[in-house]
Amino acid sequence: MVPFSHPQPPVSYLPVFPVFLPQAGCPGRCLFCAQEKQSGKARPDLQREVDALGQALALRTSSRRHELAFYGGTFTALPDDFAFRFLEVAAPFRARGAVSGIRCSTRPDAVSPGLLARLADAGLTRIELGVQSFQDEPLALARRGHDGDASRRACEQVLEAGLDLGVHLLPGLPGHTPDDLEADAAEAARLGASFVRLHPCLVLEGTGLEAVWRRGAFEPWSLELCLEVLPATVLALWRAGVNVARIGLAPEPGLLAARLAGPWHPALGMRVRARALLAHVAELLDGRRAARLEVPSRFSGEFFGHAGELAPAYRALGLERKDIVFIKGERFTMTIHPCAA
């Protein structure tokens, strides 16, 4: 028998209270960006958002703890010290434990050691950097305005300020290859990210990328390519101790209506995670055939993938559905077929 754990690192989740600030603080609009459609919210009035935050936190945190998150813009570049105004409103909720931590998303070229130290002192605990890629060519084609070295420096500065680091990657940007994604994931792990978000590049109506796509100068990755490439990326990140917080964009109605091309599926994350686990099991077998596999029951919903699509792959490893048993507990146990042991 071969006992093993799920390759995903341990993770504990608290509810997140998101505050969406689309395009706020951004120096321009990147080629792929459609934040208003992704968040389902128009560009905000920052003072109105500050005024509303305290009341909203009082309602949301009255019965359980939350993590406060500022998404959609460049939080560290908000004008007129609005970043610190938001943190000041949240401070009393964090002091009494109703807010467990505060995170924000920002650009790699919008941080500096002094600013990060001030934000940490004001209560910020985690930064999610919109790295997209560490490769210079895709960054230039996406009009990011910085190179990969700027992202590397930003990652180092976030950790030096004592903040937790998350990295956003955008597989399939113009000029971005599967090999680039493999390198990006390895770099995120090397630089100390505790988690990564993987958002395969979509062509959305109204973006600069739409014009490039319409003139035939860009072809997004297919869903099939994503399902081939992303599981290996996720498995490599898990094995490096890095969690994958999300795969694909949230299905906002505005986003779905604006999607023109690119790899989309409502269960993309589940399909990728299930394939990553399948690859892990196959590697443990190392060419042998399995006779039985005990699986923690919390993985039962995604184990076989979308609509049972991975059942044939497990059958090829020797495991019929009747040979896979869902159990209490957290450990997997695989029995090797005696003829293959």
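Here is a friendly exchange about the sheets, helices and cysteines of a predicted model.

Modeller: A word on conventions: in this predicted model, local features need pLDDT of at least 70 and side-chain atom pairs count only at pLDDT 80 or more, while totals for chains, interfaces and linings use all residues. Residues are numbered from 1 along each chain as its sequence is written, and side-chain values use heavy atoms, with hydrogens and water left out.

Colleague: Thanks! In what order do the seven strands of the open sheet stand?

Modeller: Helices (H or I, at least four residues) and strands (E, at least two) are DSSP runs, numbered from the N terminus, and two strands pair if DSSP finds at least two bridges between them. Pairing in this sheet is parallel, with β2 (16-20) and β9 (243-247) at the edges, each pairing on one side only. The order is β2-β3-β4-β5-β6-β7-β9.

Colleague: Which residue stands opposite E128?

Modeller: Strands β5 and β6 run parallel and are joined by five bridges. The partner of E128 lies in β6, and is G166.

Colleague: Is T106 buried or exposed?

Modeller: T106 sits in strand β4 (residues 99-106). Contact means heavy atoms within 4.5 Å, and, leaving aside neighbours within four places in sequence, T106 is in contact with residues including F75, V111, I127 and E128. Buried means under 20% relative accessible area, exposed over 50%, and partly exposed in between (1.4 Å probe, protein chains only). With a relative accessibility of 4%, T106 counts as buried.

Colleague: Why do the buried residues of α7 line one face of the helix?

Modeller: The buried residues of α7 (178-190) are D180, L181, D184, A185, E187 and A188. On the other side, D179, E182 and R190 are exposed. An α-helix has 3.6 residues a turn, so residues three or four places apart point the same way. Seen down the axis of α7, the buried residues line one face because they fall within an arc (taken from the directions from the helix axis to the C-beta atoms) of 165 degrees.

Colleague: In the four-strand sheet, which strands stand at the edges?

Modeller: This open sheet has mixed pairing and the order β1-β13-β11-β12. Two of its strands have a single partner each, so one side of each is left without a neighbour in the sheet: β1 (2-4) and β12 (324-327).

Colleague: At about what angle does helix α11 run to β13?

Modeller: Helix α11 (residues 268-285) lies across β1, β11 and β13. Axes are lines fitted to C-alpha atoms, for helices over the stretch in contact, and angles run from 0 to 180 degrees between N-to-C directions. Measuring tape aside, the angle to β13 is about 45 degrees.

Colleague: How many residues of α11 are buried?

Modeller: The helix is largely enclosed by the rest of the structure. Of its 18 residues, the number buried is 13.

Colleague: How many disulfides does the structure hold?

Modeller: A disulfide is a pair of cysteine sulfur atoms within 2.5 Å. For C30, the nearest cysteine sulfur, that of C33, is 6.3 Å away. The sulfur of C201 is 9.8 Å from the closest cysteine sulfur, in C226, which is too far for a bond. The number of disulfides is zero.

Note on methods:
The expected span of a helix is 1.5 Å times one less than its number of residues.
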